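Student: I have a model open and would like to learn how to read it. Could you walk me through some of its features?

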Amino acid sequence: MSPLAAVLERQIALTGPISLAEYMMLCLSHPEHGYYISRNPLGAAGDFTTAPEVSQLFGEMIGASLLSAWQAQGQPTPFALVELGPGRGTLMADILRVAAQVRGAEAAEIWLVETSPALRRRQAETLASQQPHWANRLDEVPDLPLFLVANEFFDALPIRQYVRGARGWQERLVGWDSGPQPLLGPELAQPLLDQRFGTPPVGTVVETCAAGEAIAAEIGGRLAAHPGAAILIDYGAWAGTGDTFQAVRDHAVADPFAEPGLADLTAHVAFAPLAGAAVAAGAQASALVAQGVLLERLGITARAQRLANAQSDPAARQGVATAHRRLTHPEEMGTLFQALALASPDGPLPPGFESDDDA
Ligand code: SAH
């Protein structure tokens, strides 16, 4: 049994079945045995690889968009350059290389919102020369003009799942039967779920992510109060139904209820509720843009060509081409990953997020 399994067994014996959100939170963030707390999950030796780990091209494009937004919004200083869930610090390092080319951008206060001590150590190594600050939550970051990025952060936040019944909704809970065991709670009326999902066919699974909506509302409130912008990238869709809860271990899909604490648990991000929460708090939201389309609009192909030409080694040149394809091609990360921008109500959206009518 994994060390976390014993914790879960006790918890469920004590309180009865727990929500999927509690299960995810314990598995990912238990102070001692949580997946993100105890390990360094990213990269070839870890369980999964993310876009910034594929190539510097990703962070350069996203950094250019975010810093253009800063310029277009009047270059407010000082400002907070924030990343949620920075992993190994690679994306922030690439963004800061772009920032070094932008006059005045050295006024940025760099904030990393990260709960994992192991990953904080890794970020401190990557960003040693940049003197970043760390926070556990966005609301601990000073209330400055906010320029924020989050890649594969919202997919790690705890979700709840409900199954449509004949009259109401049954929550999908986690009980215990010699291991974590999914089961269904009683059928209850859930007016908020009716409002959001209507009455889909009996058996339809829907998901909510209250933690994600709360963070989107916090971002939206700050963008309403000061000039700023945010770029959120994750795998998911504008809205949808269905069970997207999954585990990944050793670069392969695993059973999310086996060996709790040893696999990464995620769910697809539904962007509509995030945009809705930010807009309700006073920000504006872009349409959803596929990662491949966004990176093309930001000039990734020309940049990849320049980068490839600068390599003397043919294998390195090929590596740039492979990374470009991996980040943008519809059969790779190009359409699975989607991007949403948020901005202050009267500022422009960051480049790459203009609606088709304005482009
Ligand atoms: N953005 C990085 C890493 C993605 S992995 C990349 O693209 O490579 C998810 C990151 O979010 C990790 O750094 C993890 O420790 C962090 N994280 C997960 N849940 C969190 C939470 N509730 N609060 C703060 N950070 C969290």
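Tutor: We will start with the ligand and then visit some individual residues. Keep in mind that this is a predicted model.

Student: Let's begin with the ligand. Which residues come nearest to the ligand?

Tutor: A good habit is to list the surrounding shell and then pick out the closest members. Here 17 residues surround the ligand, and Thr50, Gly85, Gly87, Glu114 and Asn151 come nearest. Sorted by class, the shell consists of 8 nonpolar, 6 polar and 3 charged residues.

Student: Which atoms of threonine 50, glutamate 114 and glycine 87 lie opposite an oxygen atom of the ligand?

Tutor: For each residue, check whether the side chain or the backbone is involved. With threonine 50, a side-chain N or O atom is 2.5 Å from a ligand oxygen. Glutamate 114 also uses its side chain, where an N or O atom is 2.5 Å from an oxygen of the ligand. For glycine 87, the partner is a polar backbone atom, 3.0 Å from a ligand oxygen. As for cover, the ligand taken alone exposes 570 Å², and the protein buries 92% of that.

Student: Where does the ligand sit?

Tutor: The ligand sits in the largest pocket.

Student: Now some single residues. Why does aspartate 264 count as buried or exposed?

Tutor: You compare the relative accessibility with a cut-off: under 20% is buried, and over 50% is exposed. Aspartate 264 has 5% relative accessibility, so this residue counts as buried. You will find aspartate 264 in strand β13, which covers residues 264-266. Its side chain makes a polar contact of 2.9 Å with the side chain of tyrosine 36.

Student: What does the side chain of serine 344 lie 2.8 Å from?

Tutor: Look beyond side chains here, to the backbone. A polar atom in the side chain of serine 344 lies 2.8 Å from the backbone oxygen of leucine 223. Serine 344 belongs to the segment after β17 (337-343). With a relative accessibility of 3%, serine 344 counts as buried.

Student: Next, the backbone. Which peptide bond is cis, with omega near -10 degrees?

Tutor: Omega is the angle to read for this one. The bond running from threonine 77 to proline 78 is cis, with omega near -10 degrees. Proline 78 is in the loop between α5 and β2 (79-84).

Student: And phi? Where does glutamate 152 lie, and what is its phi?

Tutor: Here you read the sign of the angle together with the residue type. Glutamate 152 is not a glycine, yet its phi is positive, at about 50 degrees. This residue lies in the loop between β5 (146-151) and β6 (160-164). Aspartate 250 is another residue other than glycine with a positive phi, near 50 degrees. Its place is in the loop between β11 (246-249) and β12 (252-254).

Student: Are those two buried or exposed?

Tutor: Glutamate 152 has a relative accessible area of 16%, so it is buried. Aspartate 250 has 57% relative accessibility and therefore counts as exposed.

Student: How far apart in space are alanine 69 and alanine 230?

Tutor: Set the spacing along the chain beside the distance between C-alpha atoms. Alanine 69 and alanine 230 are 161 residues apart along the chain, and their C-alpha atoms are separated by 9.2 Å. Alanine 69 lies in helix α5 (residues 56-72), and at 2% relative accessibility it counts as buried.

Student: What do I get for arginine 164 and leucine 183?

Tutor: Those two are 19 residues apart along the chain, with 14 Å between their C-alpha atoms. Arginine 164 is placed in strand β6, and its relative accessible area of 8% makes it buried.

Student: Could you give me one more pair, and a residue that is partly exposed?

Tutor: Take threonine 328 and glutamine 305: they are 23 residues apart in sequence and 14 Å apart in space, C-alpha to C-alpha. Threonine 328 is in helix α13 (residues 314-328) and is buried, with a relative accessible area of 12%. For a partly exposed residue, look at glutamine 246, whose relative accessible area is 24%. Glutamine 246 lies in strand β11; tyrosine 235 is 11 residues from glutamine 246 in sequence and 12 Å from it in space, C-alpha to C-alpha.

Definitions and conventions: Residues numbered from 1 in each chain as written. Predicted model: local features only at pLDDT ≥ 70, side-chain atom pairs only at ≥ 80, totals over all residues. Heavy atoms only, no water. Near = heavy atom within 4 Å. Polar contact = N/O pair within 3.5 Å; in protein donor to acceptor, adjacent residues only side chain to side chain. Areas by Shrake-Rupley, 256 points an atom, 1.4 Å probe, with all protein chains shown as cover. 1 Å grid on protein atoms, 1.4 Å probe; cavity = no way out; pocket = protein on both sides within 12 Å on 5 of 7 lines; lining within 4 Å. Sits in = over half its atoms within 2 Å of the grid points. Nonpolar A, V, L, I, M, F, W, Y, C, P; charged D, E, K, R; others polar. Helix = DSSP H or I, 4+ residues; strand = E, 2+ residues; numbered from the N terminus. Buried < 20%, exposed > 50% of the residue type's maximum accessible area, 1.4 Å probe, protein only.
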